[in-house]
2 protein chains.
Amino acid sequence: MSLSIKDIARLSGVSTATVSRTLSQPDRVSETTREAVMAVVDRHGYRVNSMARNLRRQRADSVLAIVPDLGNPFFSAIFAGLQQTLSAGGTDLLVTDSHSALRGGQSLLSHLREARVDGLVCLDGELPEAARAELKAPDIATRVVFACEWLAEGDFPSVRSDNRAGMRLAVDHLVGLGHRDIAYLSGPGGNVLDTERRAGVVESLASHGLALPGPRFGSGDFSLEAGRAAAAEFLALIPRPTAVICASDQLAIGLASGLHAHGLRVPDDVSLVGFDDIQTAEFVNPPLTTVRQDRLQIGVQAASLLLRQLAGANCAPNKIVTLPVSLQVRGSTAAPSLARKP
Amino acid sequence: MSLSIKDIARLSGVSTATVSRTLSQPDRVSETTREAVMAVVDRHGYRVNSMARNLRRQRADSVLAIVPDLGNPFFSAIFAGLQQTLSAGGTDLLVTDSHSALRGGQSLLSHLREARVDGLVCLDGELPEAARAELKAPDIATRVVFACEWLAEGDFPSVRSDNRAGMRLAVDHLVGLGHRDIAYLSGPGGNVLDTERRAGVVESLASHGLALPGPRFGSGDFSLEAGRAAAAEFLALIPRPTAVICASDQLAIGLASGLHAHGLRVPDDVSLVGFDDIQTAEFVNPPLTTVRQDRLQIGVQAASLLLRQLAGANCAPNKIVTLPVSLQVRGSTAAPSLARKP
DNA sequence: GGAAGCTATGCAATCGTTTACATATCCTCG
DNA sequence: CGAGGATATGTAAACGATTGCATAGCTTCC
């Protein structure tokens, strides 16, 4: 079909070695030769065949990002960050979701094992046990970084937001407004983000001499529906909290909608804080006060961490990059209403 | 590093040819041999090296999706659809955005030309002239499909929503509510979606004996900011329209916010219709009436079209798949207020 | 019993590069 | 002038699979 390096060599009267060198190490050939070869290359629009090159070089020049759900818009900005950094280094980005990666008993690592990619950016912290075990093999572990979520075990390098600091901002904000009865709406049980965020809330409340109301509040995932469903649960809490910190924006938005359906107003009756700062947060009514994660930056950092790792700069074994977060104060939080106190 | 087919051959006492056949055409080897080989394969966790296989087979088993902006959450669902269909056929999904694909005078096609991918799903209809020209080369054109957006020229296969039908739904809805002065808020000039949607509006208005107000209204992109900026422009329209159909949800949401800032209420003073049905549409206040595109399905169809194309089923040269849309009626549209008429 | 047809396997070429090593040319310097 | 060191290029062996062709053993059937 298209021309190979042999054709170019023949057409320019040199050996394939010289053509190869002209293309990848131009200063290793004489100017005369270089110009002659390049002329032929340009005239015919020759491009090296990356399969052959990769086979020979034993690298794929690409990495795979695994997310829980490709359809979740939360990840877009992270992809943008990954791509931005990777493409600058000539590396391609493949994407998949855990579900299809694991379908049919497939290994999470098939891409790695088949040498289709050089490394993995894993954005899913809830992998099945079998997958976790595989990741820890010594020749694999050095090619994986986690981002956003991570594994409690295993010491993988990872990039994450400062979840605890975020919750401290949220708690301080609410306490500053005068709230004392503050609840935490949980995400998926066992999820590392949920665990971390809850711990952050507990920790910060404690520093104000406060504590969460007894029972765990919320169950299910990070979704709108779970938030909506939690409204009924909220109504049963005694004493009723004046503010709720939610494990995600989706939960907060869902909860707001559920509370509204039960006749409660935000922030008049209940203050709400989310986590993530998804685009929608700014547009719900009232706009959601939330902890903002810099998702683009998570992508950028994860990519560059992985790239360094692959380059053999095995500098820090269990390196963890923690990114700062900020509180976006909007309309869903206000001082608790005094009327309800007595 | 890891085992090659030679090692497996040696360990199981057969030739590499037999190992290869055992793995890819199991019925071509005897049961005895198959079991012996598979035992060795399983014991050592052997996986074929895809670089070598791809080089030999002259295919990459992967396709590249090119979007205008990876950070735009609009594309998430499309990626999910693409991935879902591709992975079922053992094909990988690479993603990039036009910007990085074209950076540094790179060709849009470098991935194709370098045999890194078998085909392209292009979701960007606003490619620079040079890129368009390249795409039309005969050996390239058969490996490309467009989705969402497309090129007016060139007869590429493409998957798209029924933009005109969507606008007919919008117009009929508004006219049914009693609106007669309906404006169209344009997206980027020259964008094929904008052109098509505007034409849909014009066409449908005409069938009701109506027409757009004279001057083009709106300029810039599909973004929130452009919508917000268009509010001032809207106020200058005489007579002032009672309803606006926007080229995208983002534009509609931005416009709503701009109008609000100028003291106009939606839908009391102006009705608004968007296009896309992005997640946020449901949560803005008032919730946005909009034309819903099935983005997952766009992905699914685009992937299967490309796969068929690559399989050589050159059935339909300039095949166009048009997907149905539906109108989501929400709170941003209402009958025009009578008070303003006189 | 032998030709014809299967089935199961092996041999070796091939895919398109990169690169270690060898070679040839030219320059420099004592 | 000849040794030694650059510099520029070529030769050919990988990289790890797939597959056309050849071969050997077995059936089958007249």
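## Helices α1 and α2 of chain A

In this predicted model, helix α1(A) packs against α2(A) through A:Ile5, A:Lys6, A:Ile8 and A:Ala9, which meet A:Thr16, A:Val19 and A:Ser20 on the α2(A) side. Sorted by class, that contact has four nonpolar, two polar and one charged residues.

What about the geometry? A pair of packed helices is described by the angle between the axes and the distance between them. Here the axes of α1(A) and α2(A) come within 8 Å and cross at roughly 105°. Angles of 65 to 115 degrees count as roughly perpendicular, so α1(A) and α2(A) are roughly perpendicular to each other.

## Around the DNA strands

Now for DNA strand C, which has 27 residues around it. The closest are A:Ile5, A:Ala17, A:Ser20, A:Ala52 and B:Ala17. Two of the names from the helix pair turn up again here: A:Ile5 and A:Ser20 are among the closest to strand C, and both also take part in the contact of α1(A) with α2(A). At least two residues each come from α1 (5-12), α2 (16-24) and α4 (50-57) of chain A, and likewise from α2 (16-24) and α4 (50-57) of chain B. The largest share is that of α2(A), with six residues. By class, the surface near strand C has ten nonpolar, ten polar and seven charged residues.

Over at DNA strand D, the surrounding residues number 26, and the closest are A:Ala17, B:Ser4, B:Ala17, B:Ser20 and B:Ala52. The elements that supply at least two residues each are α2 and α4 of chain A plus α2 and α4 of chain B. This time α2(B) gives the most, with six residues. The class count for the surface near strand D is ten nonpolar, ten polar and six charged. A:Ala17 and B:Ala17 are listed among the closest residues for strand C and again for strand D.

## Where the chains meet

Chains A and B touch through 40 residues of chain B in contact with 40 residues of chain A. On the chain B side, α4, α5 (76-88), β2 (92-97) and α7 (110-113) each supply at least two residues. Which element gives the most to this side? That would be α5(B), with seven residues. Taken by class, the chain B side divides into 19 nonpolar, 15 polar and six charged residues.

## Helix α5 in both chains

Back to α5(B) itself. With 13 residues at 1.5 Å a residue, α5(B) should span 18 Å, and its end C-alpha atoms are indeed 18 Å apart. The helix is mostly covered, with ten of the 13 residues buried; among them are B:Ile78, B:Phe79, B:Leu82 and B:Leu86. Just past the end of α5(B), B:Gly90 takes a positive phi of about 75°.

In chain A, α5 (residues 76-88) also has 13 residues and reaches 18 Å from first C-alpha to last, close to the 18 Å expected. Ten of the 13 residues in α5(A) are buried, including A:Ile78, A:Phe79, A:Leu82 and A:Leu86. Just after α5(A), A:Gly90 has a positive phi of about 75°.

## Backbone oddities in chain A

Most residues other than glycine have a negative phi, and most peptide bonds are trans. Chain A has some exceptions worth a look. A:Cys148 has a phi near 70° and sits in the loop between β4 (144-147) and β5 (158-161). A:Asp155, with phi near 55°, is in the loop between β4 and β5 too. Buried or exposed: which applies to A:Cys148 and which to A:Asp155? A:Cys148 counts as buried because it has 25 C-beta neighbours inside 10 Å, whereas A:Asp155 is exposed, with 12 other C-beta atoms within 10 Å.

Then there are the cis peptide bonds. One joins A:Val266 and A:Pro267, with omega about 5°, and A:Pro267 lies in the loop between α13 (249-261) and β8 (271-276). Another joins A:Asn285 and A:Pro286, with omega about -5°; A:Pro286 belongs to the loop between β8 and β9 (289-292).

## Two helix residues further along

A:Leu169 is in α10 (residues 163-177) of chain A and counts as buried, with 21 C-beta neighbours inside 10 Å. Leaving aside residues up to four places away in sequence, A:Leu169 touches A:Val291 and A:Leu327.

A:Glu129, in α8 (residues 129-135) of chain A, is exposed, with 7 other C-beta atoms within 10 Å. Its C-alpha atom is separated by 14 Å from that of A:His99, 30 residues apart along the chain.

Definitions and conventions:
Residues numbered from 1 in each chain as written. Chains lettered and ligands numbered in written order. Predicted model: local features only at pLDDT ≥ 70, side-chain atom pairs only at ≥ 80, totals over all residues. Near = placed C-beta within 6 Å. Helix = DSSP H or I, 4+ residues; strand = E, 2+ residues; numbered from the N terminus. Nonpolar A, V, L, I, M, F, W, Y, C, P; charged D, E, K, R; others polar. Expected span 1.5 Å × (residues − 1). Buried ≥ 20, exposed ≤ 12 C-beta atoms within 10 Å, placed from the backbone. Contact = placed C-beta atoms within 7 Å. Axes fitted to C-alpha atoms, helices over the stretch in contact; angles between N-to-C directions. Parallel < 35°, antiparallel > 145°, perpendicular 65-115°, else oblique.
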